[in-house]
Amino acid sequence: MVISNSPADAFKIICSRFADKTAVIDKSNAISYKELLTSIECVSEYLSSIGIKPGDRVALMIDNSIDYIIAFYAIWKVGAIVVSINPAAKVHEIIKLTKQSGAKLIIIDRLHPDLIEYFKASEVHMMQRSELEAKSTQENKIHNFSMALNYPRNEEWFSYTPETLAQIIYTSGTTGDPKGVLLSHGNLVGNLNDIVNYLELSDSDKVLNVLPFHYCYGNSVLHSHLMVGATVVLSGSMAFPQEVVNQMREYAATGFSGVPSTYNLFLSRSDWPDNPPKLRYMTQAGGPMGKDLTKRLIANSDQNTQLYVMYGQTEATARITYLPPQMLLKKLGSAGIPLTSVDIQIRNDNGDEMETGKVGEVFVNGVGVMQGYWQNPQATDKTLIDGWLKTGDLGFIDEDGYLFLQGRNSDMIKVGAHRINPLEIEEIINQLPFVLESAVIGIPDEILGHKLQVFLVGEESRENTMMLKKHCNEYLAAHKIPKDLVWVSSLPKTSSGKIKRHELTLERK
């Protein structure tokens, strides 16, 4: 399948071809493609009525749900840009990201009183899914999602080109200048086409999804299946892995996507090894999966289930490489081969391409490479070099063209499916009066790839440690909270005062 301009173009065709087919199943609810399209056309017309125009940014901050999908495509229908925000973000994060993106509207599960106060003083409209105690009117800029769902529909869609801006996905938290990856409709459809092709997705597929849609991995799972007429089943969290496995059987799922820790939970806390679900395929991304876990997963899965190991970045829309299932054991530990529309080079510190087998930094070119970071030209210039994406990852390409990653060339820490900037966490921790300074590093973890550890200089006491943990719980999302705390007398630094994180890593080995 090749769609020239946008995933939305493919979606409209699918809604016509498979009008009565179930598009999404959300807990006890299900919606057909025709019903989904109708709801999108109602909500988009409501967005237009409150002044949302092509090119406007709309912040979308709700949990995975049918409403999320309706809101997402409604934003696209009017030609606006989706600003994806983690529903677990704290108030100060929401304010900073909506301000940085220039969002004209935020769609949210439930508005915090502090947000209402802030947004009322700004020009930002608010729409929430839960019923408001205060009266909702267009005049006070507060809206209910139910109002939009019942608005008169309009069938006319914005006309996209590949260059039309589609989405902003933030990757580096709230420290300094936030990095909002700017993706066009061409970026998305090009990357999705490759994914559809190598996974051989079709309208007969039914994917069970646990990945958050606000990240690029979940984002790609959602749109790749909707653009072929498949069914998307929205599962809960991985808190109860047995329930997720039961749902695979209940809904006769053909596909599943997860990170390494997801599959480790299935193997250790469910009956997967004794009665593996009969999936057609499963995909793994969000950090490297250990060789032992890969072999255990293959050995304990249905013989007809194909495992696709993948590598990607938000800056490359989602996917960069994939490892064909038939090569999984032959190239164990490899990130695979480039997608059809992707080129890869390994370069040295001088920017010169390196020969086969030599380790250097991974550079990527292709249709999926981002347009840049939203309103952050300095970060863009450092990351996009003559159209090539400087990934920050180290690796080599073997004689057969397979990529093997060797770690990161930057301070960004990969924990499960999350890329985390340690400076963001340190900024929060250093707010405490008894902390003089701190340094967060990632230490190897077999399940998550890395886990967070923080080194603290300050007044060590049981009370301060408890206060620190409470502070982190209040201001940091769960995946950003360091699991290990180490009090030290000082931090190793360069002559210019920069913390030597590498020395802290070596100290813990």
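Which residues in α3 meet which residues in α8? I opened the predicted model with that in mind.

**Entry 1. The α3 and α8 pair**

I listed the contact from both sides. From α3 come Tyr68, Ile69, Phe72, Tyr73 and Trp76, and from α8 come Asn219, Leu222, His223 and Leu226. I sorted these residues of the α3 contact with α8 by type and got 7 nonpolar, 2 polar and no charged.

I then looked up the geometry. Helix α3 covers residues 66-77 and helix α8 covers residues 216-226; their axes come within 13 Å and cross at roughly 75°. I noted α3 as roughly perpendicular to α8, because the crossing angle falls in the range 65 to 115 degrees.

**Entry 2. His223**

I picked His223 for a closer look, since it lies in helix α8 and takes part in the contact with α3. Is His223 buried or exposed? Its relative accessibility is 1%, so I put it down as buried.

I checked the polar contacts of its side chain. One, at 2.8 Å, goes to the side chain of Tyr73. Another, at 3.2 Å, goes to the side chain of Asn219. With sequence neighbours up to four places away set aside, His223 touches Phe72, Tyr73, Trp76 and Leu192.

**Entry 3. The nonpolar cores**

I went on to the largest nonpolar core, which has 90 residues. Which of its residues touch the most other members? They are Phe11, Val24, Leu36, Ile69, Trp76, Ile107 and Leu226. α3 gives the most to this core, with 10 residues.

Ile69, Trp76 and Leu226 were already on my list for the α3 and α8 contact. I wrote a general remark beside this: in soluble globular proteins, nonpolar side chains tend to be buried together.

I followed Val24 further. Beyond residues up to four places away in sequence, Val24 touches Asn29, Ala30, Ile31, Leu36, Ile66, Ile69, Leu226, Val232 and Leu234. Apart from the core of Val24 I found another core, of 29 residues, including Val233, Leu279, Phe396 and Tyr402.

**Entry 4. Helix α4**

Which residues of helix α4 are buried? In this helix, residues 91-101, I found Glu93, Ile94, Ile95, Leu97, Thr98, Gln100 and Ser101 buried. I then looked up what covers them. The cover includes the strands β3 (57-61), β4 (81-84), β5 (105-108) and β8 (165-170), and the helices α5 (113-120) and α13 (422-429). Gly102 follows α4 and has a positive phi, near 70°.

**Entry 5. Positive phi outside glycine**

I noted two non-glycine residues with positive phi. Gln375 has a phi near 50°. It sits in the loop between β19 (372-373) and α12 (377-383). I entered Gln375 as exposed, because its relative accessibility is 59% and the cut-off is over 50%.

Asp386 has a positive phi of about 50°. Its place is the loop between β20 (384-385) and β21 (388-397). Asp386 is also exposed, with a relative accessible area of 75%.

**Entry 6. Two aspartates in loops**

Where is Asp302 found? I located it in the loop between α11 (291-299) and β14 (306-312). Its relative accessible area is 14%, so Asp302 goes down as buried. Its side chain makes a polar contact of 3.5 Å with the side chain of Lys278. Leaving out residues up to four places away in sequence, Asp302 touches Pro276, Pro277 and Lys278.

Asp274 lies in the loop between α10 (260-269) and β13 (281-284). I found Asp274 exposed, at 72% relative accessibility. I checked one distance from Asp274: Tyr151 is 123 residues away in sequence and 50 Å away in space, C-alpha to C-alpha.

**Entry 7. His502**

I looked up a second histidine, His502, which is in helix α15 (residues 501-507). Its relative accessible area is 56%, so I entered His502 as exposed; I had entered His223 as buried. How many residues separate His502 and Ile441 in sequence? The separation is 61 residues, while the C-alpha atoms of the two are 8.5 Å apart in space.

Note on methods
Residues are numbered from 1 along each chain as its sequence is written. This is a predicted model: local features need pLDDT of at least 70, side-chain atom pairs count only at pLDDT 80 or more; totals for chains, interfaces and linings use all residues. Side-chain values use heavy atoms; hydrogens and water are left out. Axes are lines fitted to C-alpha atoms, for helices over the stretch in contact, and angles run from 0 to 180 degrees between N-to-C directions. Helices (H or I, at least four residues) and strands (E, at least two) are DSSP runs, numbered from the N terminus. Angles under 35 degrees count as roughly parallel, over 145 as roughly antiparallel, 65 to 115 as roughly perpendicular and the rest as oblique. Contact means heavy atoms within 4.5 Å. Ala, Val, Leu, Ile, Met, Phe, Trp, Tyr, Cys and Pro count as nonpolar, Asp, Glu, Lys and Arg as charged, and the others, Gly among them, as polar. A nonpolar core is a set of buried Ala, Val, Leu, Ile, Met, Phe, Trp, Tyr and Cys residues joined through side-chain atoms within 4.5 Å. Buried means under 20% relative accessible area, exposed over 50%, partly exposed in between (1.4 Å probe, protein chains only). A polar contact is a pair of N or O atoms within 3.5 Å; within protein, one must be able to donate a hydrogen and the other to accept it, and residues adjacent in sequence count only if both atoms are side-chain atoms.
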